[in-house]
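Biologist: I should like to learn how the features of a model such as this one are to be read. May we begin with burial and proceed from there?

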Amino acid sequence: MAKLRLGVMISGGGTNLQSLIDACADTDFPAEITVVISNRPLAKGLERATLAGIDAVAIDHKEYEDRELFEDAVNMCLKEHRVQLVCLAGFMRILNTSFVNRWKDRMVNIHPSLLPSYKGLHTHARAIEDGVRFAGCTLHFVRPDLDNGPIIMQAVVPVDIDETEESLAAKILPYEHKMYPQAVRLIAERKARVSGNRVVFDDINVGTEGLVSPFIE
Ligand code: GRF
C-alpha cells in the first residue's frame with residue numbers, strides 16, 4: 001500500500017516532529033513526511049527536517065498582510081507536496097475556519113493537556129495551580145474551535161506534590177513522542193476514523209487500566 005503523505009507544521013524545537021521522522025525511518029511505517037513547514041524561519045525543527053533529507057519550508061507569517069494570505073501560501077505548499085494528512089506539532093498560530101475545514105478529518109494536533117481541560121497556553125502551570133492529580137496530552141483531529149476536535153489518543157501522568165511546570169512538561173513530552181507515530185499509524189492503516197464527534201477504532205485491541213493518584217499501597 002502507498003504510504004500516507006504527511007505535512008508537518010511546526011513553530012519551534014520540533015521534538016514531536018523528530019519522533020515522526022524517526023518513525024518514518026522504519027521502512028514498515030505506513031507514512032512518510034513530504035514537507036515540514038514552519039511559520040518561524042529560525043525554528044530548530046527546520047534543521048531536523050533538512051538533516052533527514054525532508055523539504056523544509058519557512059513560511060513566515062509576518063511577511064503576510066493577513067492570516068488568510070499566510071494560510072493560502074501554506075495550502076499551496078501542502079498541495080505542491082501532495083500532502084494527505086497535516087500534522088500540527090507545536091504549531092503556534094491559530095488557523096482560520098476555512099483552512100481547518102479544508103483539512104477536515106485530515107489534520108491532527110498534539111496538545112499538552114487532557115482535553116477538553118486546559119485548552120490554550122500554559123497548560124501545565126494551570127493544571128498544577130488547580131491541584132489536579134493527573135495531567136497528560138491529547139492527540140486529536142482539528143476543528144475550528146481552539147484545541148477542539150475528535151480525540152484519537154490520550155496519555156495520562158500523575159501530578160506530584162512538588163511538581164513544577166518544567167518537571168511536568170518533561171514527564172509528558174515522552175508520551176507525546178510515543179503517541180504521535182502511533183496515532184499516525186492508526187490513521188494511515190485506516191484503523192481510526194471519525195464518527196460524529198468521536199474517533200472509533202476498527203480492528204485493534206484497546207487496553208484499559210485504571211490509575212489512582214496519589215496511589216496508596
Ligand atoms: C509540545 O508540548 C506540544 O504538545 C505543544 O507544543 C510543544 C511542541 O514541542 N503543542 P516540540 O516543538 O514538538 O518539541
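Modeller: We may begin with α1, whose buried residues are Asn 16, Leu 17, Ser 19, Leu 20, Ile 21, Ala 23 and Cys 24. Please bear in mind that this is a predicted model.

Biologist: How many of the residues of α1 are buried, and how is that to be read?

Modeller: A residue counts as buried when its relative accessible area is under 20%. In α1, 7 of the 10 residues meet that criterion, so the helix is largely enclosed by the rest of the structure.

Biologist: Against which elements do the buried residues of α1 pack?

Modeller: They pack against the strands β1, β2, β4 and β5 (107-111), and against the helices α2 (44-51) and α6.

Biologist: At what angle do α1 and α6 pack?

Modeller: The angle between helix α1 (residues 15-24) and helix α6 (residues 165-188) is about 45 degrees, and their axes are 9 Å apart. The pair is therefore described as oblique. The crossing of α1 past α6 is right-handed. On the α1 side, the contact is made by Thr 15, Asn 16, Ser 19, Leu 20 and Ala 23; on the α6 side, by Leu 173, Glu 176, His 177, Tyr 180, Pro 181 and Val 184.

Biologist: Where is Asp 26 found, and is it buried or exposed?

Modeller: Asp 26 is in the loop between α1 and β2. Its relative accessible area is 37%, so it is classed as partly exposed. A polar atom of the Asp 26 side chain lies 2.9 Å from the backbone nitrogen of Asp 28. Sequence separation and spatial separation may be read side by side: Asp 26 and Thr 15 are 11 residues apart in sequence, and their C-alpha atoms are 18 Å apart in space.

Biologist: Let us turn to α3. How is its span to be compared with expectation?

Modeller: One compares the distance from first to last C-alpha with that expected at 1.5 Å a residue. Helix α3 (residues 67-80) has 14 residues and reaches 20 Å, close to the expected 20 Å.

Biologist: Which residues of α3 are buried, and what covers them?

Modeller: The buried residues are Phe 70, Glu 71, Ala 73, Val 74, Asn 75, Cys 77 and Leu 78. Their cover includes the strands β1 (4-10), β2 (31-38), β3 (55-58) and β4 (85-88), together with helix α4 (97-102).

Biologist: What is found at the ends of α3?

Modeller: At the N-terminal end, Asp 66 acts as a cap, with a side-chain oxygen 3.2 Å from the backbone nitrogen of Glu 68. Just after the helix, Arg 82 takes a positive phi of about 50 degrees.

Biologist: Is His 81 buried or exposed, and which residues does it touch?

Modeller: His 81 lies in the loop between α3 and β4. With a relative accessible area of 14%, His 81 is buried. Residues up to four places away in sequence are set aside, and His 81 then touches Arg 5, Thr 34, Val 35 and Asp 55. The side chains of His 81 and Asp 55 are joined by a polar contact of 2.8 Å.

Biologist: Where is Asn 109 placed, and what is it in contact with?

Modeller: Asn 109 is in strand β5 and is buried, its relative accessible area being 9%. Apart from neighbours within four places in sequence, Asn 109 is in contact with Leu 88, Thr 138, Leu 139, His 140, Val 142, Asp 147 and Tyr 180. Asn 109 and Arg 82 are 27 residues apart in sequence and 19 Å apart in space, C-alpha to C-alpha.

Conventions. Residues numbered from 1 in each chain as written. Predicted model: local features only at pLDDT ≥ 70, side-chain atom pairs only at ≥ 80, totals over all residues. Heavy atoms only, no water. Helix = DSSP H or I, 4+ residues; strand = E, 2+ residues; numbered from the N terminus. Expected span 1.5 Å × (residues − 1). Buried < 20%, exposed > 50% of the residue type's maximum accessible area, 1.4 Å probe, protein only. Contact = heavy atoms within 4.5 Å. Polar contact = N/O pair within 3.5 Å; in protein donor to acceptor, adjacent residues only side chain to side chain. Axes fitted to C-alpha atoms, helices over the stretch in contact; angles between N-to-C directions. Parallel < 35°, antiparallel > 145°, perpendicular 65-115°, else oblique. Left-handed = near helix turned anticlockwise from the far one by under 90°.
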